[in-house]
Amino acid sequence: MAAPKALVILAEGAEEMEMVISVDVMRRGGVNVTVGGLSGTAPVKCSRDVIISPDMSLEDAVKNGLYDAVVLPGGGMGAKNLATSPAVKDVLKAHESGEKVVAAICAGPTALLSHSIGKGKKLTSHPGVKDQLTSDYKYLEDRVVIDGKLITSRGPGTAFEFALAIVAALRGEEEKDKIIPPMLVKL
């Protein structure tokens, strides 16, 4: 059986810890991860001035069809860029209707709201964007919230738990549990 595939969308202003930890943990968990650059293939300046290079442009990444999961890192400006992108809307709508995992962390859930993804479901986010989400979602303050195929989390400090939840959704609890001890993650 082929490894599950995940698309992580990288936008200028993304929160780098959420981006890198998500990609790294999923790859350790046996997920084939593609980092798609929202603005193309050029290196992207993240929220704390860390520069990350996407694997390919989002435009090229979507030519591969649906992934098993699409992941939105947070970061205030990164989330705004995701929320205003018609391309991101198309990707999210296709994955939601295809019953694939849609995952967002920190301010990333504001892009879900902007593109009408998962409305009425349970989710969480960074406390700073909570008020934007409470009228359209069942808002919880848990570190990670899973409602069907929707996975959300709070911020940089919950990035490992978030990524591990995605691994569990795509590969199972047993595969997730195998990668925790070598990373020395305390849950």
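Reader: What lies over the face of Tyr67, and at what distance from the ring centre?

Author: In this predicted model, where local features need pLDDT of at least 70, side-chain atom pairs count only at pLDDT 80 or more and totals for chains, interfaces and linings use all residues, Lys5 is placed over the face of Tyr67, at 5.0 Å from the ring centre. That value falls inside the cut-off, because a charge sits over a ring if NZ of Lys or CZ of Arg is within 6 Å of its centre and within 35 degrees of the ring normal. Residues are numbered from 1 along each chain as its sequence is written, and side-chain values use heavy atoms, leaving out hydrogens and water.

Reader: Why does His115 count as buried or exposed?

Author: His115 has 4% relative accessibility and therefore counts as buried, the limit being under 20% relative accessible area, with over 50% exposed and partly exposed in between (1.4 Å probe, protein chains only). His115 is found in the loop between α5 (109-114) and β8 (122-123), where helices (H or I, at least four residues) and strands (E, at least two) are DSSP runs numbered from the N terminus. Beyond its neighbours within four places in sequence, His115 is in contact (heavy atoms within 4.5 Å) with residues including Leu82, Val88 and Leu92.

Reader: Which residues touch the most other members of the largest nonpolar core?

Author: Leu10, Val25, Met26 and Ile166 do so, out of 34 residues in that core, a set of buried Ala, Val, Leu, Ile, Met, Phe, Trp, Tyr and Cys residues joined through side-chain atoms within 4.5 Å. Here α7 gives the most, with 8 residues.
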